[in-house]
Amino acid sequence: MEFFEVLRKRRSIRRFQDKKVPRELVEKLLEAAFLSPSSYNKRPWHFIVVDDKEKLQKLSKAKLGASGLAMAPLAIVVTADGERSDVWIEDASIAAEHIHLAAVALGLRSFWVQIRNRMHNEEKSAEEYVRGLLDIPENYRILCIIGVGYPAENKPPHCEEVFEWGKVGYNRFDIPFEK
């Protein structure tokens, strides 16, 4: 698939077919993440692949808005060593986006569940909940969980209406970039 076609087709999908994602495709998703850039090439990330239905069900309770994980055949938890890099958020975010784009290129679809700075309930953060569920060490911060699978819904590709040329400055903030 051509790169700009992948970008246009990348849409958040939360309904999936009841079909396992083959290991070779999971490896390709991880390869895409490994190919992402990181500050000073520190590569602070660590990924946890989850395909156990019971764990997916529990992950779907990490926070409000995570329920789609219960229907996903696969989740990838994106974490990074916060002691290794002060820009772990950016490094992990780029890796996560690579996973999203690779999913489209492989005929899969995905969605992002924000964990960092979200609450599981009034007493516990979503990060604490996921950390406890998956035995993640304290120095690893949890950015997000990406639900992945074969889509059971189709959304149209993005069209040029999403291009916000008015939000682009040319050499300064207040000079419009003319297309």
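Helices here are DSSP runs of H or I with at least four residues, and strands are runs of E with at least two, both numbered from the N terminus. With that in mind, select residues 7-64 of this predicted model, a span that UniProt lists, in an unreviewed entry, under "domain: Nitroreductase". The span is 38% helix and 10% strand, and its end C-alpha atoms lie 27 Å apart.

Now widen the selection to the whole chain and colour it by secondary structure. Five helices and four strands should appear, and when followed from the N terminus they run in the order α-α-β-α-β-α-β-α-β. The radius of gyration is 17 Å, close to the 16 Å that the globule rule gives for 179 residues, so the chain is as compact as a globular protein of that length. If you turn the C-alpha trace along its principal axes, it spans about 50 × 40 × 35 Å.

Keep the whole chain in view, and add contacts and a surface. Among contacts between residues at least 6 apart in sequence, 74% join residues that are at least 24 apart. Buried residues account for 42% of the 179 residues, while the accessible surface comes to about 10,600 Å², with 51% of that area belonging to carbon and sulfur atoms. Colouring by charge will bring up 28 positive and 27 negative side chains, and the centres of these two sets lie 3 Å apart.

The next stop is helix α5, which you can select as residues 126-134. How many of its nine residues are buried? Seven of them are, so the helix is largely enclosed by the rest of the structure. Show the side chains of Ala126, Glu127, Tyr129, Val130, Arg131, Leu133 and Leu134, which are the buried residues of α5; the list includes Glu127 and Arg131 alongside Val130 and Leu133. To see what these buried residues pack against, add β1, α3 (53-59), β2 (74-81) and β4 to the selection. Before leaving the helix, step on to Asp135, which follows α5 and has a positive phi near 55 degrees.

Two further residues deserve a look for their backbone angles. Most residues other than glycine have a negative phi. Select Tyr40, which is not a glycine and yet has a positive phi of about 55 degrees. Tyr40 sits in the loop between α2 (23-34) and β1 (45-50), and with a relative accessible area of 76% this residue is exposed. Then move to Asn171, in the segment after β4 (140-149). Asn171 also is not a glycine, and its phi is positive at about 70 degrees; its relative accessible area of 71% makes it exposed.

For the last stop, return to the loop between α2 and β1 and select Ser39. Is this residue partly exposed or buried? At 26% relative accessibility Ser39 counts as partly exposed, since only residues under 20% are called buried and those over 50% exposed. Which residues does Ser39 touch, once its neighbours within four places in sequence are left aside? Ser39 is in contact with Val87 and Asp91. Finally, draw a distance from the C-alpha of Ser39 to that of Trp88: the two residues are 49 apart in sequence, and the C-alpha atoms are 8.4 Å apart in space.

Notes. Residues are numbered from 1 along each chain as its sequence is written. This is a predicted model: local features need pLDDT of at least 70, side-chain atom pairs count only at pLDDT 80 or more; totals for chains, interfaces and linings use all residues. Side-chain values use heavy atoms; hydrogens and water are left out. The radius of gyration is taken over C-alpha atoms; the globule rule is 2.2 Å times the number of residues to the power 0.38. Buried means under 20% relative accessible area, exposed over 50%, partly exposed in between (1.4 Å probe, protein chains only). Contact means heavy atoms within 4.5 Å. Accessible areas come from the Shrake-Rupley method with a 1.4 Å probe; for residues, only the protein chains shown count as cover. Lys and Arg count as positive and Asp and Glu as negative; His and the chain ends are not counted. The place of a charge is taken as NZ of Lys, CZ of Arg, CG of Asp or CD of Glu. UniProt positions are given in the numbering used here, feature names are shortened, and annotations may be inferred rather than shown by experiment.
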